[in-house]
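Hi,

Here is the structure I promised to send over. Have a look at it first, and then read on for what I found in the charged side chains.

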Amino acid sequence: MTSHSHVDGKTTVQELMNSVTGFRDSRDWRKHDTPRNLASSICIEAAELLEHFQWKTDEQTAEMLRSPEKLAGISDELADVVIYCLGFSEILGIDVSNAVQTKLQKNAVKYPVLRRHKAEGPLERDSRKRKADLAPPPFGDRVSH
């Protein structure tokens with residue numbers, strides 16, 4: 001699914017950050033932006049985003065996404081998540097671009113690109129071993145935090 005707008009290719013993270021903080025500051029809401037409040041708000045808005053997909057099959061989701069009204073509602077919830085994430089990063093002094101690039105580098109090491117066999121199609125590594133590596137431990141072996 002691609003965006004019909006070209007704004008993403010022109011707007012910087014800093015410009016978005018400035019818009020978010022300008023909106024917040026013009027309403028004197030900064031006093032409410034604690035790390036806990038913002039982390040909670042990110043989770044709440046992410047749950048509202050998830051509600052659009054709850055209990056839907058892939059086919060029902062595909063049909064839903066053909067509706068401009070439904071897609072607009074999903075876009076609003078995604079925007080809420082991003083707005084709170086940008087506010088969170090501003091409050092904590094986290095450079096979003098650096099954080100994303102650093103995390104992608106860590107993920108590249110943790111999850112290397114796997115080559116595919118031309119004849120078979122599945123991943124070169126033994127898929128059963130890969131699934132076992134990614135599967136959570138049996139219930140009794142889980143460590144609580």
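Asp 25 counts as partly exposed, at 42% relative accessibility. Please keep in mind that this is a predicted model, so I am describing computed values throughout.

What does Asp 25 pair with? Its side chain meets that of Arg 24 in a salt bridge, at 2.8 Å from N to O. Arg 24 itself is buried, with a relative accessible area of 7%, which is under the 20% cut-off for that label.

Arg 24 has further partners. One of them is Asp 33, where the closest N and O atoms of the salt bridge are 3.6 Å apart. Asp 33 is buried, with a relative accessible area of 13%.

Another is Glu 90, whose salt bridge with Arg 24 has its closest N and O atoms 2.9 Å apart. This pair links distant parts of the chain: Arg 24 sits in helix H1 (residues 13-26) and Glu 90 in helix H4 (residues 68-92), 66 residues apart. Glu 90 is partly exposed, at a relative accessible area of 31%.

As general background, side chains of opposite charge can pair when their charged atoms come close.

Put together, Arg 24, Asp 25, Asp 33 and Glu 90 are linked in a network of salt bridges. And how many salt bridges does the structure hold? There are four.

If you open the model, Arg 24 is a good place to begin, with its salt bridges to Asp 25, Asp 33 and Glu 90.

Best wishes

Methods. Residues are numbered from 1 along each chain as its sequence is written. This is a predicted model: local features need pLDDT of at least 70, side-chain atom pairs count only at pLDDT 80 or more; totals for chains, interfaces and linings use all residues. Side-chain values use heavy atoms; hydrogens and water are left out. Buried means under 20% relative accessible area, exposed over 50%, partly exposed in between (1.4 Å probe, protein chains only). Helices (H or I, at least four residues) and strands (E, at least two) are DSSP runs, numbered from the N terminus.
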